[in-house]
Amino acid sequence: MEIRERTDAKEVEEFLKKEIEVEVKVLETIIIGKEESKKILVKTLWEEKQEVMKNKNKLRGKRIYIDNDWTVQEQKIQKGIREIAKEERKKGYTTRVGYKKLEVGDKMYIWNENKGKLEEKFLKSSQH
């Protein structure tokens, strides 16, 4: 989506309906940044946001990203997790990134706030 100085709510609503097949009522749009680093902050209802987040994978392959509005610290953590996921994919593993979580193959890693790093979460085995 091309972000102009005055991208309005209606344009964002139409874009989301067309691209990720989710109907939302955009309450407000705020343009952040300049030139190549321009972003648009979109305010909507919590339930509608959840639907957008569930369907944002339909944008895969396009240079458009939908993300949560996180604190600077949360952004750094998520960036680090995405970088690890990228390296693991280069090694041939399947990865999935979540909020302060990373799945690599059949292993799950969770961010430990106290230690400031990802730690493997041991899942209970269903086998006896």
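The exercises below, each with a worked solution, go through a predicted model.

Residues are numbered from 1 along each chain as its sequence is written. Because the model is predicted, local features need pLDDT of at least 70 and side-chain atom pairs count only at pLDDT 80 or more, while totals for chains, interfaces and linings use all residues; side-chain values use heavy atoms, with hydrogens and water left out.

**Exercise 1. The open sheet**

Give the strand order of the open sheet, and identify its edge strands.

Solution.
- Step 1: Fix the terms. Helices (H or I, at least four residues) and strands (E, at least two) are DSSP runs, numbered from the N terminus. Two strands pair if DSSP finds at least two bridges between them.
- Step 2: Read the order. The open sheet has four strands, arranged E3-E4-E5-E6, with antiparallel pairing.
- Step 3: Find the edges. Strand E3 (95-98) and strand E6 (117-121) each pair on one side only, which makes them the edge strands.
- Step 4: Add the twist. From one strand to the next, the twist averages 25 degrees.
- Step 5: Look inside the sheet. Four bridges join strand E4 (residues 101-104) to strand E5 (residues 107-112) in the antiparallel sense. Val-104 has Lys-107 in E5 as its bridge partner.
- Step 6: Place the helix. Helix H3 (residues 72-90) lies across E3, E4, E5 and E6, and runs at about 175 degrees to E3. Here axes are lines fitted to C-alpha atoms, for helices over the stretch in contact (heavy atoms within 4.5 Å). Angles run from 0 to 180 degrees between N-to-C directions.

**Exercise 2. The hairpin**

Describe how strands E1 and E2 pair, and what lies between them.

Solution.
- Step 1: Strand E1 (residues 28-32) pairs with strand E2 (residues 39-43) over five bridges, in the antiparallel sense.
- Step 2: One bridge partner is Val-42 in E2, which belongs to Thr-29.
- Step 3: The two strands form a hairpin with six residues between them. In the turn, Gly-33 has a positive phi of about 90 degrees.
- Step 4: A salt bridge (a side-chain nitrogen of Lys or Arg within 4 Å of a carboxyl oxygen of Asp or Glu) joins the side chains of Glu-28 and Lys-43, at 3.3 Å from N to O. Glu-28 is in strand E1 and Lys-43 in strand E2, 15 residues apart.
- Step 5: Glu-28 is partly exposed at 35% relative accessibility, and Lys-43 is partly exposed at 39%. Buried means under 20% relative accessible area, exposed over 50%, and partly exposed in between (1.4 Å probe, protein chains only).

**Exercise 3. Other salt bridges**

State how many salt bridges the structure holds, and locate the partners of Glu-21 and Lys-54.

Solution.
- Step 1: The count is eleven salt bridges.
- Step 2: Glu-21 pairs with Lys-58, with the closest N and O atoms 3.0 Å apart. Glu-21 lies in the loop between helix H1 (9-20) and E1, and Lys-58 in the loop between helix H2 (46-55) and H3, so the pair ties together parts that are 37 residues apart in sequence.
- Step 3: Lys-54 meets Glu-51 in a salt bridge of 3.5 Å, N to O. These two are three residues apart in helix H2, and therefore separated by about one helical turn.
- Step 4: Lys-54 is exposed at 59%, whereas Glu-51 is partly exposed at 34%.
- Step 5: A network of salt bridges links Lys-18, Glu-19 and Lys-62.

**Exercise 4. The nonpolar cores**

Find the largest nonpolar core and the helix that gives it the largest share.

Solution.
- Step 1: A nonpolar core is a set of buried Ala, Val, Leu, Ile, Met, Phe, Trp, Tyr and Cys residues joined through side-chain atoms within 4.5 Å.
- Step 2: The largest has eleven residues, among them Val-12, Phe-15, Val-24, Val-52 and Ile-66.
- Step 3: H1 and H2 each supply at least two residues of this core. The largest share, four residues, comes from H1.
- Step 4: A second, separate core has seven residues, including Ile-81, Ala-85, Trp-111 and Leu-118.

**Exercise 5. Positive phi**

Compare the settings of Glu-21 and Lys-100.

Solution.
- Step 1: Most residues other than glycine have a negative phi.
- Step 2: Phi is positive at Glu-21, near 60 degrees, and at Lys-100, near 55 degrees.
- Step 3: Glu-21 is in the loop between H1 and E1, and Lys-100 in the loop between E3 and E4.
- Step 4: Glu-21 is exposed at 59% relative accessible area, whereas Lys-100 is buried at 14%.
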